[in-house]
Amino acid sequence: MDTLALILAGGRGSRLDVLSEIRSKPAVPFAGKFRIIDFALSNCCNSGISKIGILTQYLPLSLNEHIGIGEPWDLDRRNSFVTLLQPSNSWYMGTADAVRKNLEFVKRYAQGKYVLILSGDHIYKMDYSKMIEQHKATGADCTIAAKIVPIEEASRFGVLETDENLQVTKFVEKPKEPKSNKASMGIYVFSTDALIKAIEEHEDIADLDFGNHIIPDMIKSQKVYAYEYYDYWKDVGTYDSYLETNLELCDANCKLDLYDTNWKIYTRTEDLPPVRVGNDASIKNSLLSNGCEIYGEIDHSVLSPGVKVGKGTTIKNSVILNDVEIGENVHVENSIIDKNTIIGNDSIIGTGDDYTPNKERPEVLSSGINVIGKRLVIPAGSVVERNVRIFSSPIVKELEKLHLTSGETVKNHK
């Protein structure tokens with residue numbers, strides 16, 4: 001396909017602060033064995049797009065290690081590539097500024113007619129070739145993927161207004177009082193010449209952004225169309241949406257089918273043994289990844305590779321990331337636990353009727369979820385109530401015996 005894809009993967013993910021403290025948001029693990037960015041990458045491969053630039057910025061190491069030379073996505077062969085692009089002289093100041101700082105890459109490799117610009121932090125399956133075909137058919141200079149959202153949520157997005165032919169007549173980024181519920185998905189197809197011209201015409205704007213600058217100006221003089229998308233699409237930029245979307249995948253009627261052999265989601269996999277389930281174990285409505293050892297009860301939860309769960313332990317409505325060890329007679333509920341952390345015997349993570357929001361950041365934790373970072377040792381007998389954040393440690397760190405009441409935060413491990 002005559003299209004270059006650019007995946008914007010430099011997001012800090014500040015609302016996922018514990019999970020994105022040492023990795024960029026697109027590199028956050030998801031659905032057991034995947035990373036968030038795997039969905040955009042796999043969509044490209046399944047859509048026949050094999051030339052991809054990934055624009056990274058914050059904490060790129062984890063993402064760089066995951067992508068490598070692109071072998072899991074079959075991007076390491078002739079006439080295919082995936083290139084990670086770091087800012088060289090200064091930080092990216094906006095979405096279009098990120099492309100502007102890599103415009104020479106675009107000019108060199110967008111030898112076809114189209115540039116597809118994607119966000120690296122959404123969960124969905126989409127055939128981009130259909131959107132590109134509409135772009136060609138309408139003679140558009142820019143096409144924006146749009147999804148109908150509840151009007152009360154529209155202020156979180158860029159909002160489009162269109163005529164009967166889907167030509168965009170107005171675009172407002174995150175309006176306080178939206179006039180439409182047609183939301184931009186942050187997916188754009190540009191005709192290459194139109195993209196280059198639009199960016200070069202805005203040299204005076206430091207924080208150049210597609211939603212705030214490029215698209216509103218293009219609407220005035222060029223053809224901008226909407227491509228309406230009606231299938232599953234989720235932004236997992238909050239703890240609530242991250243946990244909810246992970247757990248949705250446990251349900252048989254989930255609209256995102258990870259088992260569709262015609263549209264696989266590819267990822268870098270680890271060489272781990274099969275799942276082991278003990279005699280007294282119980283597993284209900286859950287996703288388990290390779291290398292897990294389960295001797296307790298798992299209910300409506302997602303376990304990443306290498307997780308160990310001891311006898312008498314119950315895990316409910318939770319997401320447990322790679323190589324976490326949970327001891328015996330532990331109760332974990334409504335929690336997210338990051339990699340390589342150990343939960344001691346007889347501990348309780350998620351308990352009580354006190355739903356006091358997190359005192360430091362009430363806007364990120366108020367629904368009762370606990371988030372525990374990487375490389376921590378939670379001592380035996382600890383109690384963590386609700387809306388608690390425990391940040392990662394740079395080295396394996398055993399904390400003092402805990403009884404954290406709802407809304408507390410623990411950080412600055414030495």
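This briefing looks at a few residues of the structure above and at where they sit. The model is a predicted one, and the values given here are computed from it. Three residues are followed in turn, namely E325, which lies in strand β23, H300, which lies in a loop between two strands, and N358, which also has its place in a loop.

**E325 and the charged patch**
- On the surface, E325 gathers with E270, D271 and D323 in a patch of negative charge.
- The strand that holds E325 is β23, which covers residues 325-326.
- E325 has a relative accessibility of 38%, and it therefore counts as partly exposed, a class that lies between the limits of 20% and 50%.

**H300 and its polar contacts**
- H300 is found in the loop that runs between β18 (297-299) and β19 (302-303).
- The relative accessible area of H300 is 18%, so this residue is buried, given that the class takes in values under 20%.
- The side chain of H300 makes a polar contact of 3.3 Å with the side chain of D251, and a polar contact of 2.9 Å joins the side chain of H300 to that of N317.

**N358 and its distance from Y188**
- N358 has its place in the loop between β27 (348-349) and β28 (370-372).
- Because its relative accessibility is 0%, N358 counts as buried.
- Along the sequence, N358 and Y188 are 170 residues apart, while in space the separation from C-alpha to C-alpha is 36 Å.

Methods. Residues are numbered from 1 along each chain as its sequence is written. This is a predicted model: local features need pLDDT of at least 70, side-chain atom pairs count only at pLDDT 80 or more; totals for chains, interfaces and linings use all residues. Side-chain values use heavy atoms; hydrogens and water are left out. Patches are made of residues with over 30% relative accessible area and no salt bridge: like charges are joined within 9 Å, nonpolar side chains (Val, Leu, Ile, Met, Phe, Trp, Tyr) within 5 Å. Accessible areas come from the Shrake-Rupley method with a 1.4 Å probe; for residues, only the protein chains shown count as cover. A salt bridge is a side-chain nitrogen of Lys or Arg within 4 Å of a carboxyl oxygen of Asp or Glu. Lys and Arg count as positive and Asp and Glu as negative; His and the chain ends are not counted. The place of a charge is taken as NZ of Lys, CZ of Arg, CG of Asp or CD of Glu. Helices (H or I, at least four residues) and strands (E, at least two) are DSSP runs, numbered from the N terminus. Buried means under 20% relative accessible area, exposed over 50%, partly exposed in between (1.4 Å probe, protein chains only). A polar contact is a pair of N or O atoms within 3.5 Å; within protein, one must be able to donate a hydrogen and the other to accept it, and residues adjacent in sequence count only if both atoms are side-chain atoms.
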